[in-house]
2 protein chains.
Amino acid sequence: MAPHTTARISLQELRELCQQVLSYHGFSAPHVEQLTATLMAGQADNCASHGVYRLLGLIRSLKAGKVSPDAEPEVHDQAPAIVRVDARQAFSPLAFKRGLPLLIDKARDCGIAAMAINHCVHFSALWVEIEAITAAGLVGLACNPSHAWVAPAGGRRPAFGTNPFAFGWPRPDRDPFVFDFATSAIARGDIELHRRSGEPIPEGWAIDSDGHPTTDASEALKGAMLAFGGHKGSALAAMIELIAGPLIGDLTSAESKAWDGGVDALPYHGELILALDPARFLGEEAPRHLERAETLFQSIQAQGARLPSERRFAARRQTAADGVELPAQLLADIRVLLEETPGG
Amino acid sequence: MAPHTTARISLQELRELCQQVLSYHGFSAPHVEQLTATLMAGQADNCASHGVYRLLGLIRSLKAGKVSPDAEPEVHDQAPAIVRVDARQAFSPLAFKRGLPLLIDKARDCGIAAMAINHCVHFSALWVEIEAITAAGLVGLACNPSHAWVAPAGGRRPAFGTNPFAFGWPRPDRDPFVFDFATSAIARGDIELHRRSGEPIPEGWAIDSDGHPTTDASEALKGAMLAFGGHKGSALAAMIELIAGPLIGDLTSAESKAWDGGVDALPYHGELILALDPARFLGEEAPRHLERAETLFQSIQAQGARLPSERRFAARRQTAADGVELPAQLLADIRVLLEETPGG
């Protein structure tokens with residue numbers, strides 16, 4: 001099999017393969033359902049770095065003893081505008097799902113509310129969660145630390161995670177306005193995909209372990225990634241460490257990396273999600289003001305610029321009809337998971 | 001007087017000059033107090049673009065009939081976690097001051113709370129407000145649109161304001177961790193200062209009115225500014241338009257610019273401020289987790305990188321002792337304001 005051979009597969013077939021792999025390795029039914037939905041959402045939107053490729057890391061983390069396959073999340077009513085969900089060392093999607101109804105209730109009651117997910121193992125694209133919030137007619141923000149891989153502006157050693165930041169705005173009868181970006185210059189998964197394919201990475205993504213710029217993906221993974229946008233991106237990364245770390249009583253990216261102990265499992269930490277209710281901010285005026293947001297979107301598109309998730313939504317419609325194209329090697333690597341010793 | 005002559009002046013003398021100018025032009029005593037405090041905070045921290053230089057724009061906006069010199073803000077208890085302050089077309093600092101006690105109460109009650117300031121004319125550095133929130137032991141975020149000066153990533157015409165984003169984290173017995181940056185590549189005030197001094201601007205700050213890169217400050221001011229960090233900074237700028245615009249029932253940067261009608265007054269819009277209470281997120285564990293944040297700060301400083309506001313806090317200590325150095329022309333321009341027809 002040539003290294004760049006690809007294979008086309010329908011969403012349904014790929015979904016069943018995901019479920020099969022996850023069940024085979026001992027994940028409980030609720031976790032299988034949420035993990036599959038999250039992986040398939042990434043794949044269906046052609047986000048290769050957050051698609052079924054992540055199955056490899058999920059199973060590696062499970063085998064390293066770093067994640068529970070069946071812990072049921074505990075939802076706590078922490079304060080009038082705070083819901084806290086203890087994921088109990090399982091993956092985050094089920095914890096998000098279990099906490100979401102209370103987050104929505106609190107946002108509608110108070111106008112703004114926060115959900116802190118604690119003790120979760122994290123791998124998912126945040127826009128999956130953001131879209132669940134916009135589907136309820138709410139504005140959503142989400143962020144989390146990861147493993148300490150990113151050097152602060154002016155520094156040479158990792159202090160921050162890739163620390164994604166995501167935002168969503170509900171649009172009646174349309175795809176929501178959604179963005180979700182790593183505060184690193186690029187997602188770690190993209191550097192890993194370059195390493196797998198042997199391609200060089202662009203300058204500005206990373207420094208090597210001596211602090212010098214590098215285009216070698218392996219050297220970059222041993223050194224430190226860089227934040228996007230210089231000191232401003234670095235400041236955002238620090239903010240995310242703080243509000244999705246100590247503020248919610250959970251690990252920073254450096255602590256998550258130390259907890260990993262070199263196993264290279266998925267990061268173990270917390271996540272902070274905010275939901276804001278336009279109806280509470282605006283009352284009866286809400287529809288009129290949401291319409292003014294449409295004027296903003298039109299002014300962007302009228303000059304030939306794209307809205308952040310346009311390509312992703314277009315991919316979603318296309319893959320629903322045509323299925324997805326995966327590297328044949330990746331599909332083979334996933335199928336091999338069904339021949340390994342299961343577990344946990 | 002040579003164009004680059006500077007003059008040293010004590011903070012007390014400069015403060016009195018500010019008060020004198022503002023009173024002379026008809027601002028009410030509460031506005032004089034808050035405006036002076038805000039301008040002096042910028043100057044004392046050596047933030048030239050947010051210091052007393054802004055007095056010129058304040059008086060210009062007043063004379064253009066774009067701002068009330070004496071409106072008393074109205075504070076509304078909008079929802080359990082939302083306070084809304086109507087600035088009634090006056091400058092924002094007094095509105096912030098009047099709403100802050102209720103914002104703090106709501107954050108302590110609910111865990112997180114939002115303050116929407118509406119109908120304000122804006123000129124101030126957000127870190128002044130952020131530091132008032134961290135002084136109460138709370139985590140703060142703030143953002144606002146401005147005038148539409150910044151092109152979206154992939155576009156050629158202004159759609160966003162310079163849209164600052166600011167964050168603060170309380171540190172017991174230390175200066176807080178604070179950052180405050182424009183989501184444009186640079187603050188508009190910095191381009192204006194280059195135009196005043198006749199210096200070229202760096203590439204990457206702006207495009208001219210044909211959409212081409214320019215280093216000419218005047219051409220940049222006629223064309224469009226660029227967001228920092230490419231499509232990620234552009235996405236953040238869009239988020240700020242939405243959450244500090246339509247979400248709070250106030251103007252976008254394009255609407256603010258249209259309202260200005262070419263007068264070149266200060267932007268008229270709203271502002272969104274969030275406050276989060278670590279004690280509500282963490283209970284008795286708060287001090288222990290805040291201590292873990294200190295470990296993060298130490299890991300940044302130990303590798304020779306600076307925390308975002310370090311230079312500003314150092315300047316504050318130095319100017320308290322030595323006063324500030326201003327361009328002599330600026331000081332002359334400010335003193336001339338006392339010879340103009342007052343008003344309003």
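## How chains A and B meet

About 5400 Å² of area is buried between chain A and chain B, and carbon and sulfur atoms give 73% of that. Keep in mind that this is a predicted model. The contact draws 70 residues from chain A and 70 residues from chain B.

**Symmetry**

- Turn chain A by 180°, with 0.0 Å of shift along the axis, and it superposes on chain B with an RMSD of 0.0 Å.
- That is how a two-fold axis relates its copies.
- Looking for the axis in chain A? The C-alpha nearest to it belongs to A:Gly229, 2.0 Å away.
- The copies meet through the same surface, because 100% of the interface residues of chain A are also interface residues in chain B.

**Polar links across the interface**

- The rule picks out 2 salt bridges between chain A and chain B.
- One of these pairs A:Arg292 with B:Glu255, and their closest N and O atoms are 2.6 Å apart.
- There are also 19 residue pairs in polar contact across the interface of chain A and chain B, counting pairs with both residues at pLDDT 80 or more.

**What chain A brings to the contact**

- Helix α8 of chain A, residues 230–243, gives the most to the side that touches chain B, with 9 residues.
- Sorted by type, the residues on the side of chain A that touches chain B come out as 48 nonpolar, 13 polar and 9 charged.

Technical notes:
Residues numbered from 1 in each chain as written. Chains lettered and ligands numbered in written order. Predicted model: local features only at pLDDT ≥ 70, side-chain atom pairs only at ≥ 80, totals over all residues. Heavy atoms only, no water. Least-squares fit on C-alpha atoms with pLDDT ≥ 70 in both. Contact = heavy atoms within 4.5 Å. Buried area = accessible area lost by both parts, 1.4 Å probe. Salt bridge = Lys/Arg side-chain N within 4 Å of Asp/Glu carboxyl O. Polar contact = N/O pair within 3.5 Å; in protein donor to acceptor, adjacent residues only side chain to side chain. Helix = DSSP H or I, 4+ residues; strand = E, 2+ residues; numbered from the N terminus. Nonpolar A, V, L, I, M, F, W, Y, C, P; charged D, E, K, R; others polar.
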